[in-house]
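New to this one? Take a quick look at the structure below, then use the briefing to find your way around.

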Amino acid sequence: MGTLAEVLNTRVREAELYERQHDAWVRCVACGHACRIPDGAAGVCKVRFNRGGTLYAPWGYVAGAQCDPIEKKPFFHAWPGSLAFSFGMLGCDLHCAYCQNWVTSQALRDPQAVSPPADATPERIVAEAVRLGARAVVSTYNEPLITSEWAVAVFRAARAAGLATGFVSNGNGTPEALQYLSPWIDLYKVDLKGFDDKRYRTLGGRLQPILDTIRGLHAGGTWVEIVTLLVPGFNDTDEELRALVAFIAGVSPDIPWHVTAFHPDYKMSDTPATTPTMLARAARLGREGGLRHVYAGNLPGRVGRLEDTCCPRCSAVLIERRGYTIQRYGLAPDGACPTCHEPIPGRWDGGARRSAPSPGRARIDRWSLLDMS
Ligand code: SF4
């Protein structure tokens, strides 16, 4: 068996998100880097490469798959209490020092990050999702934009089986990628990692493409939820959070904003963990900035009402949560507040009134997927 890169280079197919250029160069448009790549080289993500003037993209494998509550993605305004079947490939277009999925995202950059692939087909992934009772199939774990073609193949099969689809993404998109994806995506979680372009560049990206992606997704009718991992000393000043909130509220005050707790990880093991008080402060800034649905995540049971969905008009508690578990569901069937009839934005049809059974036995890993092939 060869190196991981050599193994992955056999699991590819010609990309769709690229254009050919002179002298066998190509320009990839799957993510905001828009790499111009000469023959024989790979893009910044290292998983898309030019061979003979043709761009190749990952295909036909998964590096991880698991069935979880949809709240874990997190989507709080989409079919609460249902299950989401997550699948992921390898690689990322950013290199965040605090990445909490670094085993898969940095597999081609960091020799410590070992996560071998297993062969899979879209039909077998979806069949497994259906067997486990999932309501949605979600591309996650690595950055899904860089493996968009494979995600769309899986999503086509998922839609045919009556399932919803979603991305858990850093949002470093392009207009071409959004146009390509939007017919096949129902839900899109964007990590908005801060509001400082200089800091974004230390993670390997730029702020503007992420902002453009959020605007484009919302304008196109995809359901968007935004997550900001609150990293002490990195992105948590009042000034930066106010600017970030003002941007989201300017796109739509109905977009849910999840401010989540950092725990020391990967190359940021010396940074202190986020406290409940820090989350509460950020959430207060979110509300003061006009956001109607603000949540605090990663510290279940320690953030008061900030895990619950409340009516922004009459303050009635509509969905009570503890972590990923629905403890009480009080939305009307049409997704309105039953007290004052305020419509609550989201995707509610068929939503559960309590959490789906624990997916404990539903957990599958790369080896069981290998067995399926
Ligand atoms: S997905 Fe992004 S990083 Fe990878 S080759 Fe394409 S533009 Fe470059």
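Here is a short tour, from model confidence to the ligand site and some local details.

What you're looking at is a predicted model. The protein's mean pLDDT is 91, with 90% of its residues at 70 or more. A ligand sits in the largest cavity, and the structure also holds seven aromatic pairs.

**Confidence**
- Go carefully with residues 358-373, where pLDDT stays under 50.
- For that stretch, the model has 29 contacts beyond four places in sequence.

**Ligand site**
- The home of the ligand is the largest cavity.
- Around the ligand you'll find four cysteines to look up: Cys-28, Cys-31, Cys-35 and Cys-45 are among the residues there.
- The list of residues around the ligand also includes Ala-30, His-33, Ala-34, Ile-37, Gly-43, Val-44, Arg-48 and Ile-146.
- Sorted by class, this shell comes out as nine nonpolar residues, two polar ones and one charged one.

**Aromatic pairs**
- Seven aromatic pairs turn up in the structure, and one to look at is Phe-195 with Phe-247.
- Their ring centres are 6.0 Å apart and the planes are at 40°, so this pair counts as tilted.
- Phe-195 is in the loop between strand 13 (187-191) and helix 6 (197-202), while Phe-247 belongs to helix 8 (residues 238-251).
- With their positions 52 residues apart in the numbering, the two link distant parts of the chain.

**Backbone details**
- The peptide bond from Lys-73 to Pro-74 is cis, and its omega is near -5°.
- To find Pro-74, go to the loop between strand 8 (64-69) and strand 9 (83-88).
- Ser-315 isn't a glycine, yet it has a positive phi of about 70°.
- Look for Ser-315 in the loop between strand 17 (309-310) and strand 18 (317-322).

Technical notes
Residues numbered from 1 in each chain as written. Predicted model: local features only at pLDDT ≥ 70, side-chain atom pairs only at ≥ 80, totals over all residues. Heavy atoms only, no water. Near = heavy atom within 4 Å. 1 Å grid on protein atoms, 1.4 Å probe; cavity = no way out; pocket = protein on both sides within 12 Å on 5 of 7 lines; lining within 4 Å. Sits in = over half its atoms within 2 Å of the grid points. Nonpolar A, V, L, I, M, F, W, Y, C, P; charged D, E, K, R; others polar. pLDDT = per-residue confidence, 0-100. Contact = heavy atoms within 4.5 Å. Phe/Tyr/Trp six-rings, centres within 6.5 Å; stacked < 30°, edge-to-face > 60°. Helix = DSSP H or I, 4+ residues; strand = E, 2+ residues; numbered from the N terminus.
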